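Subject: Structure handover and findings

Dear colleague,

Please find below the structure I am handing over to you, together with its sequence. My findings follow directly after it.

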Amino acid sequence: ESVSAMGIVGHDGCHFAPEGYSQLGDQIFRLLARDFYGSSDRAQISSPNIVQAYYTNTSHTRIGLRFAPYDTRFVIPNDTVISGVIAKIKDFFYLNDTGQVVGSISTKDNRIFLDLKQSSSAKLITYLPDKFYDNSAIIYEGPWLTNIRGVGAFSFYHVPIVDSAQAGILLNGVNDLSLTAYPNPSDGKFTLRY
C-alpha cells in the first residue's frame, strides 16, 4: 500500500526532522500491524487518494473530489502563516494550472467540495504546488488535506474533471462502492468489506 508523505512535519525539501520520521513511522506501523499482525486499529489509517474530480452542477461553479478509501473523513486545515503571509488550503488547487480560483472549500464524508470564484471550463485539476509556495522560493509546508487521524492525502496532478452527468455517481453518495479485502496478504482466509 502506498503511503503519502503529505502533512508530515519538518520537511526540508528532501528529508524530514526526527519528529517527521517518527510521524511517518507511526503511520506505516499501523498499516503493517493491520496487514501482518491482525490489528483491529483500521479506521482512517490509509492515505486518502483521489478517485474522481467532477463538476457538481451545470454552471461549473462547484467541483467535487472523491477519494478512496470510502471511509475517509477529512479535516479542513487551519490557515498556515509562512514568512508573514497567510496560506489557505483553497489556494493550492489549480484548474488548468491556474491558481487562486477557489472561493471556499468544504467536506462531506470522503469528498472535498470546491466552490469556485466563477464558472470554469477547466478540464484538469491539480492539488499542491511543485515544491514552493506560489511566487516564492519557500518550500511548501502546508496547509495539507488530512483525514481525521492526520494522515495526509496524496497530492495529484492534472486529474481530469468530468461533468456531473458523466461522473457515474449520485452526488448524495448512494451508489458509491468500495471493496476492501483483509488481511492482505492473506493466509487463505480473508474478510471482504464493501
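**The sheet**

Seven strands form an open sheet with mixed pairing, in the order S6-S9-S11-S1-S2-S8-S7. Strand S6 (93–95) and strand S7 (102–108) stand at the edges with a single partner strand each, so one side of each has no neighbour in the sheet. From one strand to the next, the twist averages 25°. Please bear in mind that this is a predicted model.

Three of the strand pairings deserve a closer description. S1 and S2 pair in the antiparallel sense over six bridges, and within this pairing Tyr55 stands opposite Ile63 in S2. The hairpin of S1 and S2 has six residues between the strands, and His60 takes a positive phi near 55° there.

S2 pairs in turn with S8, in the antiparallel sense and over five bridges. Here Leu65 stands opposite Ile112 in S8. As for solvent, S2 is mostly covered, since five of its seven residues are buried.

S8 also pairs with S7, again in the antiparallel sense, over six bridges. Thr107 has Ile112 as its bridge partner in S8, while the bridge partner of Val102 in S8 is Leu116. Ile112 is therefore a residue to look at from both sides: it is the bridge partner of Thr107 and it stands opposite Leu65.The hairpin of S7 and S8 has two residues between the strands, and Asp109 takes a positive phi near 55° in it.

**The nonpolar core**

The largest nonpolar core has 32 residues, of which Leu65, Phe93, Leu114, Ile125 and Leu145 touch the most other members. At least two residues of this core come from each of S1, S2, S6, S7, S8, strand S9 (124–127) and strand S11 (156–162). As background, nonpolar side chains tend to be buried together in soluble globular proteins.

Which residues is Phe93 in contact with, leaving aside its neighbours within four places in sequence? They are Leu65, Thr98, Gly99, Val101, Val102, Ile105, Leu114, Ile125, Thr126, Tyr127, Leu145 and Phe156. Among them are Leu65, Leu114, Ile125 and Leu145, which are named with Phe93 as touching the most other members of the core.

**Salt bridges**

How many salt bridges does the structure hold? There are eight, and I describe some of them here.

The side chains of Arg62 and Asp115 meet in a salt bridge, at 2.9 Å from N to O. Arg62 lies in strand S2 (residues 62–68) and Asp115 in strand S8 (residues 111–116), so this pair ties together parts that are 53 residues apart in sequence. Arg62 counts as partly exposed at 25% relative accessibility, and Asp115 is partly exposed as well, with a relative accessible area of 26%.

Asp109, met above in the hairpin of S7 and S8, forms a salt bridge with Lys108. Their closest N and O atoms are 3.6 Å apart. Asp109 is partly exposed, with a relative accessible area of 35%, whereas Lys108 counts as exposed at 52% relative accessibility.

Another salt bridge joins the side chains of Arg34 and Asp35, at 2.6 Å from N to O. Are these two residues buried or exposed? Both Arg34 and Asp35 are buried. Together with Glu1, Arg34 and Asp35 are linked in a network of salt bridges.

**The surroundings of Arg42**

Where is Arg42 found? Its place is the loop between helix H1 (18–37) and strand S1 (49–55). At 22% relative accessibility, Arg42 counts as partly exposed.

Leaving aside its neighbours within four places in sequence, Arg42 is in contact with Arg34 and Tyr182. Arg34 is thus shared between two parts of this account, as a contact of Arg42 and as a member of the salt-bridge network with Glu1 and Asp35. In addition, a polar atom of the Arg42 side chain lies 3.2 Å from the backbone oxygen of Ser39. Arg42 and Gly20 are 22 residues apart along the chain, and their C-alpha atoms are separated by 22 Å.

Yours sincerely

Note on methods:
Residues numbered from 1 in each chain as written. Predicted model: local features only at pLDDT ≥ 70, side-chain atom pairs only at ≥ 80, totals over all residues. Heavy atoms only, no water. Salt bridge = Lys/Arg side-chain N within 4 Å of Asp/Glu carboxyl O. Buried < 20%, exposed > 50% of the residue type's maximum accessible area, 1.4 Å probe, protein only. Helix = DSSP H or I, 4+ residues; strand = E, 2+ residues; numbered from the N terminus. Contact = heavy atoms within 4.5 Å. Polar contact = N/O pair within 3.5 Å; in protein donor to acceptor, adjacent residues only side chain to side chain. Pairing = 2+ DSSP bridges. Axes fitted to C-alpha atoms, helices over the stretch in contact; angles between N-to-C directions. Core = buried A, V, L, I, M, F, W, Y, C linked by side-chain atoms within 4.5 Å.
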